[in-house]
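Trainee: Please take one part of this structure and go through it closely, working outwards from a single residue. Please also state the cut-offs behind each term as it comes up.

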Amino acid sequence: MKETPLSNCERRFLLRAIEEKKRLDGRQTYDYRNIKISFGTDYGCCIVELGKTRVLGQVSCELVSPKLNRATEGILFFNLELSQMAAPAFEPGRQSDLLVKLNRLLERCLRNSKCIDTESLCVVAGEKVWQIRVDLHLLNHDGNIIDAASIAAIVALCHFRRPDVSVQGDEVTLYAPEERDPVPLSIHHMPICVSFAFFQQGTYLLVDPNEREERVMDGLLVIAMNKHREICTIQSSGGIMLLKDQVSFEMQ
């Protein structure tokens, strides 16, 4: 089911409001929506609410054989799902261009930035490592999926605990939580995505666009940074030509 297109009147109204530095939800240009994080009963389970956008994060793990070229490193896997429950326009079982783009951006933000110490996930070099899987489910879509998903992923990883293990000879023993306390992941830093929407060929910009603002934007710039002000990834879409001064200003 395709999403209902905006009428010309709605489009003009939204763009006029943006030109006048007004937003339908009362925010200023650089205001972020309120973020609410709640945790489930299991380790690694959380729900992140960014305004009305809601994402469920769930982390799981299993012992697997390592990759041949990374014998002493664990494996990180990210999977974001967009269901019709979140928005009727999302088709079940279909890998849309948006979903592929979001998953790749999450991997660059969290896996390629080395925020998790994958070597600490090694149990027996070349034989057994932990595979950490992060499943993200969009529960409600009101814009800016990537920011909410990146927050849900890193929060779930910080909250997660894996079972403790011991190695004696060739025998690997896995301990239940009742026998030994589960072990938290070794996290170097916490990258978070921040999205900037551009309008009128880059003349106007907004932080944290909602769903209706996304429908009339010309381009999107996503910057992932950590508290050390290190850029973990940056991605521009929409074909908007940005000046260096614009990008420098956004990152301040």
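Mentor: Ile75 is buried, with a relative accessible area of 13%, where buried stands for under 20% relative accessible area, exposed for over 50% and partly exposed for what lies in between, using a 1.4 Å probe and protein chains only. The model is a predicted one, in which local features need pLDDT of at least 70 and side-chain atom pairs count only at pLDDT 80 or more, while totals for chains, interfaces and linings use all residues. Residues are numbered from 1 along each chain as its sequence is written, and side-chain values use heavy atoms, with hydrogens and water left out.

Ile75 belongs to strand β4, helices (H or I, at least four residues) and strands (E, at least two) being DSSP runs numbered from the N terminus. Setting aside residues up to four places away in sequence, Ile75 touches Val64, Ser65 and Lys67, and it also touches Trp130, Gln131 and Ile132; contact here means heavy atoms within 4.5 Å. A C-alpha distance links Ile75 to that second stretch of the chain as well, for Ile75 and Val129 are 54 residues apart in sequence but 7.5 Å apart in space.

Glu73 sits in the loop that joins β3 (53-64) to β4 (75-82). Although Glu73 carries a charged side chain, its relative accessibility is 16%, and it therefore counts as buried. Without its neighbours within four places in sequence, the contacts of Glu73 are Pro66, Thr118, Glu119 and Val129. Of these, Thr118 is 45 residues from Glu73 in sequence, yet the two C-alpha atoms are 5.1 Å apart.

Glu73, Ile75 and Thr118 are also among the residues that line the second largest pocket. The others in that lining are Lys67, Arg70, Gly74, Leu76, Arg111, Asn112, Lys114 and Ile116. A pocket is found on a 1 Å grid over the protein atoms alone, as an open set of points with protein on both sides within 12 Å along at least five of seven lines, whereas a cavity is a set of points where a 1.4 Å probe fits but cannot get out; lining residues have an atom within 4 Å of a point. The space in the second largest pocket comes to about 260 Å³, a volume being what is filled by probe spheres set on the points, which are joined across faces, edges and corners. Its lining divides into five charged, three polar and three nonpolar residues, with Ala, Val, Leu, Ile, Met, Phe, Trp, Tyr, Cys and Pro counted as nonpolar, Asp, Glu, Lys and Arg as charged, and the others, Gly among them, as polar.

Moving on from the pocket, Ile132, a contact of Ile75, is one of the residues with the most contacts inside the largest nonpolar core, together with Leu80, Leu82, Leu110, Leu136 and Leu157. That core has 55 residues, a nonpolar core being a set of buried Ala, Val, Leu, Ile, Met, Phe, Trp, Tyr and Cys residues joined through side-chain atoms within 4.5 Å. Its largest share, 11 residues, is supplied by helix α3 (residues 145-159). The helix α3 is mostly covered, with 13 of its 15 residues buried. Leu82, if residues up to four places away in sequence are not counted, touches Phe90, Leu98, Leu99, Leu102, Leu138 and Ile145. Apart from the largest core lies another, of seven residues, including Phe198, Leu205, Leu221 and Ile223.

For the setting of this part, the protein chain has five helices and 14 strands, and its C-alpha trace spans about 70 × 40 × 30 Å along the principal axes. Of its 252 residues, 44% count as buried. Among contacts between residues at least 6 apart in sequence, 67% join residues at least 24 apart. Elsewhere in the chain, Glu49 in strand β2 (residues 45-50) has 19% relative accessibility and so counts as buried. Leaving out neighbours within four places in sequence, Glu49 is in contact with Asn34, Ile35, Lys36 and Arg54.
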